[in-house]
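Hi everyone, thanks for coming. Please have a look at the chain on the screen, and then we'll talk about aromatic rings.

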Amino acid sequence: MNTMARADAFQPFDATAHWDAATQRLVVTGIMDEAPDVKTFTFRPERPGWFRYLPGQFITLELPVPGEPLMRTYTLSSSPSRPHAISVTVKAQKDSLGTRWMFNNLKPGSHLRAYGPAGDFTHHRHIASRYLFISAGSGITPMMSMLRWMADCEPNADVMFLNCARRPDELIFRRELEFLASRMPGLSLGLLVEERPPLHGWAGASGRIDSARLTMLAPDFRGREVFCCGPDPFMSSVRTILEQNGFAMAHYHQESFGTAPKQEEPAAAVPSIQPDVSHTIRFLKSGIEAQCAPGKTILETARKARVRIPAACEAGLCGTCKITKRSGDVLMDHNGGILDDEIAEGFILACCSKPQSDLEIDA
C-alpha cells in the first residue's frame, strides 16, 4: 500500500468550516450515469468543509464555455443530511449548450465556480403530516433531495411519490426509489411511463397523467401537501387536474426555472419610477461609481461599468444575482427569487431592482 500517496491526498476535515460560494470553487469528485443522457455530478468544497442548504434548493454553476461563461441553475439532488458533498443530476437535451459542455468536459478534479444555494421549494418551508411528490424527467431531483433527507432524518414520513417518464429506462433513480420504498414504511411509490416498449416487460402503469391515473396511484391526494416538478406542460397538466378535482391549491407547490408570469398590481401599490432622473451607484467592493440611467436595473448598470455580478435567469426567479444594498432605496419587481427575511436583511436582486435614490452596493 502506498501510504505516502494516501497521506498526500488526505486533507483534514474542519468541522467548523462551510462552503462559501464567494471564496471557494467546487471540485468534481464523481460522475455517474443515471439514465439515457442523464448524469449525476458530485462536488466537494475546494477547501475541507461542509455544505449548508435545505433539501430541494438549487445552485447556479458558472460554466467556462468558449467565449462568455454560461450561468446554469440546477437543483441539488443530494441531501443536506450528508453535508460533505453535494450533487446535481442533469439531463442533456440536444440543444442544451451548458449541460452538453458539462458532459463533454467535466471530470474528477475539475473546478467550477458556483453560487447559492437558494430557493424556496422545500418541504422544510411547508411542514405537513402527509406529502405527495409528483415529478417527471429530471424534475425528480428536488424530490429526491427531500426524500433522501427523510430517509436519513425522518424514515417514518408519510410520502406518496409519483414519478413519471416517457419510457421505463428513463425513470431516473428507479432502483434507489424501490430500495427506499422497501426500507421506509410510510413511502408509497408509483411509477408511470407514457410508452410501454413491447420487449421491455413493463408491468406498471402506463399513459400520461390524468385524473384517473392520479386517483389510482394516489387515492388520498386531496389530504396531502403536493410538490411538483417537471417540464412546464407537465406541471400545467398537474395543476389543472388538481383544480378540477377540488384540491386546495394553497397546498400545491411547484418548481420552475422559467420566467414566472408577473402579477398585476393596482397602480397605487407600485411606487413610480422617475423616468427623467438618473442615480449614482457606488459598487463598494469594486471601487467603481457609475450612473444608472432612468429605467435601467442595477445589473444593467453594473455590466456597463464592467462590474461583475453573477446572474442566470435575469427574471427575479433564481436568486443568483442576490447582493447586499448598504444604503439607498430601490424598486424591486421579483418573481420569488428572494425571501422576505432576506429583503429585511438588506439583500436585493440586481436583475430586477431599479434605483429610487443614490445607492451603495456590495459588488
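**Aromatic rings and their neighbours**

Let's start with two rings: Y131 is buried, and F227 is buried too, where buried means under 20% relative accessible area, exposed over 50% and partly exposed in between, with a 1.4 Å probe and protein chains only. A word on the source: this is a predicted model, where local features need pLDDT of at least 70 and side-chain atom pairs count only at pLDDT 80 or more, while totals for chains, interfaces and linings use all residues. Residues are numbered from 1 along each chain as its sequence is written, and side-chain values use heavy atoms, leaving out hydrogens and water.

So how many aromatic pairs does the structure hold? There are 7 aromatic pairs. Rings of Phe, Tyr and Trp (its six-membered ring) pair if their centres lie within 6.5 Å; planes under 30 degrees apart count as stacked, over 60 as edge-to-face, and the rest as tilted.

Take F41 and F103: their ring centres are 6.0 Å apart and the planes stand at 45 degrees, so this pair is tilted. F41 sits in strand β2 (residues 38-45) and F103 in helix α2 (residues 97-105), 62 residues apart. Helices (H or I, at least four residues) and strands (E, at least two) are DSSP runs, numbered from the N terminus. Both F41 and F103 are buried.

Back to Y131 and F227: with centres 6.2 Å apart and planes at 45 degrees, that pair is tilted. Both rings belong to one aromatic cluster, formed by F121, Y131, F133, F161 and F227.
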